[in-house]
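Could you walk me through this model in the viewer, one selection at a time? I would like to know what to pick next and what is there.

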Amino acid sequence: QVQLVESGGGLVQDGGSLRLSCAASGGAFRDAMGWFRQASGKGREFVAAIDWIGVAEHAPYVKGRFTISRDNAKKTVYLQMNGLKPEDTAIYYCATGPRGWNSAAGYAYWGQGTQVTVSS
């Protein structure tokens, strides 16, 4: 099975930046990778996804602020987050799987999550 280990979360002020990382092991790293988030009291929400060759999709509410990327040699996917807002506060999860894209139900493997908190 694939194992995903996330890092990079933290506390930032409104307008700040963070870069999340997700290191994968146990697989060939050819499947799509996705970032999702879950705020308190809400379900998991799509943030961004990227396929094996780098084709990406970003959710409308993060487009222009967040950028997903991947380094296949390092088996790592990144989420660069700029212009953070308090409404971005959530636990951010990395996911992968052969049928994954922009819906959480399509992913087979998930990381442990990393907390992002944006203060106003």
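Start inside this predicted model by selecting Trp35, Leu79, Met81 and Tyr92. Within the largest nonpolar core, which has 30 residues, these four touch the most other members. Now colour the strands that feed this core: S3 (18-25), S4 (32-38), S5, S7 (66-71), S8 (76-81), S9 (90-97) and S11 (114-119) each supply at least two of its residues. S5 gives the largest share, with five residues. Such a grouping fits a broader pattern: in soluble globular proteins, nonpolar side chains tend to be buried together.

Next, keep Leu79 selected and show its surroundings. Leaving aside residues up to four places away in sequence, Leu79 touches Leu18, Arg19, Leu20, Trp35, Val47, Ala48, Phe66, Thr67, Ile68 and Tyr92.

Now move to strand S1, residues 3-7. Which of its residues lie on the covered face, and which on the uncovered one? Leu4 and Glu6 are on the covered face, while Gln3, Val5 and Ser7 are on the uncovered face. In a regular strand the side chains alternate between the two faces of the sheet. Bring S3 into view as well: S1 and S3 run antiparallel and are joined by five bridges. To see one facing pair, select Ser7 of S1 and Ser21 of S3, which stand opposite each other.

Finish on the outside with Ile53, in the loop between S5 (45-50) and S6 (56-58). Ile53 counts as exposed because its relative accessible area is 66%, above the 50% cut-off. Add Trp52 and Val55 to the selection: with Ile53 they form a nonpolar surface patch of about 310 Å² of accessible area together.

Technical notes. Residues are numbered from 1 along each chain as its sequence is written. This is a predicted model: local features need pLDDT of at least 70, side-chain atom pairs count only at pLDDT 80 or more; totals for chains, interfaces and linings use all residues. Side-chain values use heavy atoms; hydrogens and water are left out. Patches are made of residues with over 30% relative accessible area and no salt bridge: like charges are joined within 9 Å, nonpolar side chains (Val, Leu, Ile, Met, Phe, Trp, Tyr) within 5 Å. Accessible areas come from the Shrake-Rupley method with a 1.4 Å probe; for residues, only the protein chains shown count as cover. A salt bridge is a side-chain nitrogen of Lys or Arg within 4 Å of a carboxyl oxygen of Asp or Glu. Helices (H or I, at least four residues) and strands (E, at least two) are DSSP runs, numbered from the N terminus. Buried means under 20% relative accessible area, exposed over 50%, partly exposed in between (1.4 Å probe, protein chains only). A nonpolar core is a set of buried Ala, Val, Leu, Ile, Met, Phe, Trp, Tyr and Cys residues joined through side-chain atoms within 4.5 Å. Contact means heavy atoms within 4.5 Å. Two strands pair if DSSP finds at least two bridges between them.
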